[in-house]
Amino acid sequence: MEMNLVPQMAQVFMKEEGGEYYTWPSSEFSVLSEAKLGAGKLVLRPRGFAQPHYADSSKIGYVVQGSCTVGLISGNDSEETVLKINKGDAIAVPLGVISWWFNGGDSDLIIVFLGETSQAYTPGKFSYFFLTGAMGVLTGFSPEFVSKVYGITEKESKTLQISQTSKLIFKLDDGIKLPEPSIRISQTFAFNLNHNDCSSFNFNAAENSPFELSANLVKLDAGSVFGPVFIKDSSFQMIYVIRGSGRIQIVGGNGKLALDSEMEAGQLFVVPKFFVAVQIADAQGMECFSVVTSSKPRFGKLTGNASVWETLPSSVVQASLNVTSQLVKHLKPKN
């Protein structure tokens, strides 16, 4: 199957006073629906508040810029976990987890969410269910039902349903104080990816949990190369360019070049399962955040230590490539 792998920029889905939410529509980026992937980007202005909601998909968010207070309620938990996440943090948001997001800082917050949509209503798209606001679940019920559920009058029910006119994001009044984070970061939900040139984060999901994702952060200096690399299981990889620019080539079955493209900050692209990819940074270097649709992906490398060329006997490599032994030495790691 031919897939459109050309890197794409996000499009504005909703814009309100407190910020914006962007998506990569599968109608224009068909590989997302074909591979049952999803992606979105949340921008919160100072004191921007994303109302409580849950989604039909699991995802991992990466803080590109700013900091944020997050409230999370998972499973049958009767208590909320409140976290503080900063630039460089990754946060896991499993399917069905209720969350809210608040930017209490002085600058904009940007979080990119990458995930899978195998159980979503619409493959290629995260569908959100809001507890409050103009699209909140309470607005769909009749005032009669709401009044009986909560023991209030129908007039009070209507007030409950229509008072919040924002659909998703609004600016929180200065007088409202939200819960303080109990800890800055919790490895149950989040982990910092900003400490190495090539870092990875695996969310250890509970038994029988539908969460099957892992994340990686790759930083490349000017002119540096990452790859060739492929994933040894049937997993897709989504890669978001955080900063800088470069070029990528992806090769699929039968040695066919599937993509040869420039890449720049803000773009998203997908590496299909078993395909081999190489990234080369431009003069300004490049930083990328990626999510793989496996909690424990097995990577295959065609360069460096522990590469396929290093593991295979030199005689096998020489005969298979039909080259000299001297040339085979260049395929072996130098360090």
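Begin by selecting strand β5 together with strand β13 (residues 169-171), where the two strands pair in the antiparallel sense over three bridges; bear in mind throughout that this is a predicted model. Within that pairing, centre the view on Phe49, which stands opposite Phe170 in β13.

Next, widen the selection to the whole of β5, residues 48-55, and colour the strand by accessibility: seven of its eight residues are buried, and the strand is mostly covered. Add strand β10 (residues 98-102), which runs antiparallel to β5 and is joined to it by three bridges; here the residue to pick is His53, whose bridge partner in β10 is Ser99. Then add strand β12 (residues 128-130), again antiparallel to β5 and joined to it by three bridges, and look at Ala55, which stands opposite Tyr128 in β12.

From the strands, turn to the charged side chains. How many salt bridges does a search of the whole structure find? The search finds five, and three of the pairs can be visited in turn, starting beside β5.

Select Arg45 and Glu20, which form a salt bridge whose closest N and O atoms are 2.5 Å apart. This pair links distant parts of the chain, since Arg45 sits in the loop between β4 (37-44) and β5, while Glu20 belongs to strand β3 (residues 19-23), 25 residues apart. Are the two partners buried or exposed? Arg45 counts as partly exposed at 24% relative accessibility, whereas Glu20, with a relative accessible area of 4%, is buried because that value is under the 20% cut-off.

Move on to Glu287 and Arg243, whose side chains meet in a salt bridge at 3.4 Å, N to O. Glu287 lies in strand β21 (residues 276-292) and Arg243 in strand β18 (residues 237-251), so the contact ties together parts that are 44 residues apart in sequence. Shading by accessibility shows Glu287 as buried, with a relative accessible area of 12%, and Arg243 as partly exposed, at 28%.

Stay on β18 and select Arg247 with Asp260, where another salt bridge spans 2.7 Å from N to O. Asp260 is in strand β19 (residues 257-264) and Arg247 in β18, so this pair ties together parts 13 residues apart in sequence. Both partners are partly exposed, with relative accessible areas of 37% for Asp260 and 43% for Arg247.

To finish, select Glu20, Arg45 and Asp108 together, which salt bridges with shared partners join into one network.

Key. Residues are numbered from 1 along each chain as its sequence is written. This is a predicted model: local features need pLDDT of at least 70, side-chain atom pairs count only at pLDDT 80 or more; totals for chains, interfaces and linings use all residues. Side-chain values use heavy atoms; hydrogens and water are left out. Buried means under 20% relative accessible area, exposed over 50%, partly exposed in between (1.4 Å probe, protein chains only). Helices (H or I, at least four residues) and strands (E, at least two) are DSSP runs, numbered from the N terminus. Two strands pair if DSSP finds at least two bridges between them. A salt bridge is a side-chain nitrogen of Lys or Arg within 4 Å of a carboxyl oxygen of Asp or Glu.
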